[in-house]
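Open the model in your viewer and keep the selection box handy. We'll go stop by stop, picking something and seeing what is around it.

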Amino acid sequence: MRYSRSFIFTAKENPSDAEVVSHRLMLRGGYLKKTAAGIYSYLPLAHRVVRKVEAIIREEMEREGAEELLMPAVLPAELWEESGRWHKYGPELLRFADRHGRDFCMGPTHEEVITDIVRQGISSYRHLPKNLFQVQTKFRDEIRPRFGLMRGREFIMKDGYSFDADDDAAALTYEAMYRAYCNIFRRCGLQFKAVEADSGQIGGSFSHEFMVLAKSGEDGIASCTQCSYAANLEKAVNANTWQCQPQGKPEGKRAHTPGVTTIDELASFFNTEDSALVKAVAFVDSKDQVVLAFIRGDRDINPVKMERLHGDDLHPASTERLMQAGLEPGYLGPINLPQGITVYLDNSLHSLDQLICGANEAEYHITELNPGALAENGTFADIGTVVAGDHCPRCQSALEIVRGIEVGHIFRLGKIYSESMKATYLDRNGKEQLMVMGCYGIGVGRTAAAAIEQNHDDQGIVWPMAIAPYQVVICSVNPAKDEATRQAADNLYERLSSQLEVLYDDRNERPGVKFIDSELIGIPLRVTVSQKTLSQNSVELTIRRTGEKYMQPLEALDAHLR
Ligand code: ATP
Ligand code: MG
Ligand code: MG
Ligand code: MG
């Protein structure tokens with residue numbers, strides 16, 4: 001591609017609304033254009049990266065025997081009613097009606113559609129197993145889209161679904177997908193960790209997230225310092241947090257409040273004398289236990305997690321109950337629930353027991369949440385130390401907390417969807433059986449963004465070769481002034497293009513401008529052609545990652561780059 005003809009427009013200034021490096025560099029490097037909140041156009045550079053990530057995904061999925069298909073993005077409500085998720089999913093599901101008043105949604109994930117397809121196509125054990133995937137645009141009406149491609153509302157996902165005859169076969173498929181995911185993220189040049197995770201909205205009993213380790217990650221990971229155990233804090237903390245044990249009735253509820261009975265004591269846990277800084281949320285966790293989680297409000301609380309907690313993940317029934325509970329506006333500081341609810345803790349309550357009694361009615365449902373979701377950075381560590389003195393469940397060694405970006409997620413779904421949607425087959429004995437399912441997602445844009453979080457420097461992006469939009473950039477120095485330079489660069493471009501993906505910076509710009517742009521865009525290799533290099537019958541080769549420069553004889557260059 002000739003730069004002069006390309007749609008690449010870089011910017012010097014940092015965009016004001018971009019909080020993380022990947023978002024900033026993608027905007028500055030001319031990769032992205034925001035079309036609406038959380039909705040982006042992938043400009044040509046980004047599109048090339050996305051295609052590369054997708055190609056790697058396709059290869060590795062196919063290597064493990066999965067087959068690609070493409071399902072619709074607009075989905076009829078009926079299927080979602082069958083699975084029960086039409087009412088359960090919450091406001092992340094974008095619903096709308098067609099001209100006949102029939103309900104539809106934009107697909108945020110496709111378990112229902114694929115189960116419907118497979119149940120109609122498969123009737124016998126002889127047809128199993130099946131493993132199908134697609135690469136498709138999803139829509140989730142995220143309450144706070146941010147970080148560019150990392151948390152969009154519209155985003156590209158690879159989602160795959162497997163159907164097996166029994167648990168043993170499903171376990172093998174899960175292992176195969178685990179392998180595929182490791183290969184995919186390794187090939188994308190990422191440092192990642194597979195961690196045990198909660199299954200969230202998708203459901204299911206067992207799952208792993210693939211986390212790219214990065215400071216900007218929205219997820220906390222508890223990682224054992226001795227063995228290979230690693231778990232998302234959302235899951236890890238479940239085991240040992242402050243919990244009100246009894247389930248159901250309000251009487252007799254007591255929290256495990258190790259040594260803490262007053263709000264002042266609580267405040268001192270958070271190293272403050274100002275108890276107003278301590279904020280709390282009560283909710284029912286996935287084990288149906290009511291949990292109170294405390295945070296120090298002036299610390300850097302992850303707003304996305306906070307808003308997910310308060311917004312989309314709040315069960316409509318809980319909303320009502322919380323309102324009915326009439327937790328009076330009060331003193332410790334409000335915890336805002338964007339769906340119009342505010343939970344307040346009343347400063348006149350002097351013991352946590354009292355506090356918990358207020359919050360521990362059955363059906364104060366903020367479902368599928370746990371304290372890990374509340375905590376961020378130091379805040380979590382505080383809760384962790386206070387509450388648990390967390391230890392690895394496998395070897396009892398200390399856990400350390402690291403941050404990660406969830407780029408992929410694999411689930412063993414079991415029979416949840418095959419049961420609700422009646423996806424059955426006849427076994428060897430002619431007996432009807434439920435299919436055993438798994439599902440497997442990868443955020444394509446998020447993977448690209450995560451690669452930038454791990455691979456950048458002050459000058460810009462440093463793409464891993466496998467997913468770089470171009471492998472090589474040729475910069476001609478003053479081509480307008482020196483015809484020989486222009487000619488040599490043209491020839492080189494022709495020659496290299498047959499073997500590599502080449503961006504040819506043929507613009508009449510100062511060499512400094514070209515170098516700055518090529519570094520910002522992040523092309524791994526730069527070939528500089530100038531009067532000076534040509535006088536030695538050479539070009540200069542620069543390695544983006546290290547900045548190393550080599551003079552290369554023109555003739556030997558091809559062999560060297562290959
Ligand atoms: P998160 O916890 O970050 O909200 P999720 O657990 O809701 O993600 P999954 O349902 O597991 O997401 O979807 C599979 C993959 O899709 C995720 O691992 C992630 O890579 C990607 N993904 C999910 N939501 C988004 C989004 N809003 N923008 C970009 N990618 C996303
Ligand atoms: Mg989500
Ligand atoms: Mg998640
Ligand atoms: Mg997930």
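Here is a tour of the model, from the overall fold to a few odd backbone spots.

**Before you click**

This is a predicted model: local features need pLDDT of at least 70, side-chain atom pairs count only at pLDDT 80 or more, and totals for chains, interfaces and linings use all residues. Residues are numbered from 1 along each chain as its sequence is written, while chains are lettered from A and ligands numbered from 1 in the order in which they are written.

**The whole protein**

Show everything as cartoon. You should have 18 helices and 28 strands; helices (H or I, at least four residues) and strands (E, at least two) are DSSP runs, numbered from the N terminus. Of the 562 residues, 47% are buried. Here a residue is buried if 20 or more other C-beta atoms lie within 10 Å of its own, exposed if 12 or fewer, and partly exposed in between, with C-beta atoms placed from the backbone. Take the contacts between residues at least 6 apart in sequence: 70% of them join residues at least 24 apart. Two residues are in contact if their C-beta atoms, placed from the backbone, lie within 7 Å.

**Ligand 1**

Zoom to ligand 1 and bring up its shell. Which residues come nearest to ligand 1? Among the 18 around it, they are Phe-155, His-409, Gly-441, Gly-443 and Arg-446. A residue is near a molecule if its C-beta atom, placed from the backbone, lies within 6 Å of it. Colour by element next: strand E8 (154-164), strand E18 (399-414), strand E21 (436-443) and helix H14 (444-454) each give two or more residues to this shell. The largest share, four residues, comes from E18. By class, the shell has five nonpolar, eight polar and five charged residues. The classes work like this: Ala, Val, Leu, Ile, Met, Phe, Trp, Tyr, Cys and Pro count as nonpolar, Asp, Glu, Lys and Arg as charged, and the others, Gly among them, as polar.

**Val-444**

Now pick Val-444, which is found in helix H14. Val-444 counts as buried because 24 other C-beta atoms lie within 10 Å. Setting aside neighbours within four places in sequence, Val-444 touches Val-50, Val-53, Glu-54, Val-135, Ile-156, Met-157 and Lys-158. Then try a distance to Lys-431: the two residues are 13 apart in sequence, yet 41 Å apart in space, C-alpha to C-alpha.

**H2 and its two partners**

Keep H14 on screen and add helix H2 (residues 44-63). H2 and H14 pack at an angle of about 105°, with axes 9 Å apart. Axes are lines fitted to C-alpha atoms, for helices over the stretch in contact, and angles run from 0 to 180 degrees between N-to-C directions. H2 and H14 are therefore roughly perpendicular to each other. For reference, angles under 35 degrees count as roughly parallel, over 145 as roughly antiparallel, 65 to 115 as roughly perpendicular and the rest as oblique. From H2 the contact uses Val-49, Val-50, Val-53 and Glu-54, and from H14 Val-444, Gly-445, Thr-447 and Ala-448.

Swap H14 for helix H6 (residues 167-187), whose axis comes within 9 Å of that of H2 and crosses it at roughly 155°. That makes H2 roughly antiparallel to H6. Select Ile-56, Ile-57, Glu-60, Met-61 and Arg-63 on H2, plus Ala-180, Asn-183, Ile-184 and Arg-187 on H6, to see the contact. Its tally by class is five nonpolar, one polar and three charged residues.

**H16**

Go to helix H16 (residues 511-521), where Lys-514, Asp-517, Ser-518, Glu-519 and Ile-521 are the buried residues. Their cover includes H2 and strand E26 (525-529). Just after H16, Gly-522 takes a positive phi of about 95°.

**Backbone oddities**

Most residues other than glycine have a negative phi, and most peptide bonds are trans. Three spots to look at:

- Leu-128 and Pro-129 are joined by a cis peptide bond, with omega about 0°; Pro-129 is in the loop between H5 and E7.
- Lys-422 has a positive phi of about 55°, and its loop runs between H13 and strand E19 (424-426). Lys-422 counts as partly exposed, with 13 C-beta neighbours inside 10 Å.
- Asn-537 has a positive phi near 55° in the loop between helix H17 (531-535) and strand E27 (538-543). Asn-537 is exposed, with 11 other C-beta atoms within 10 Å.
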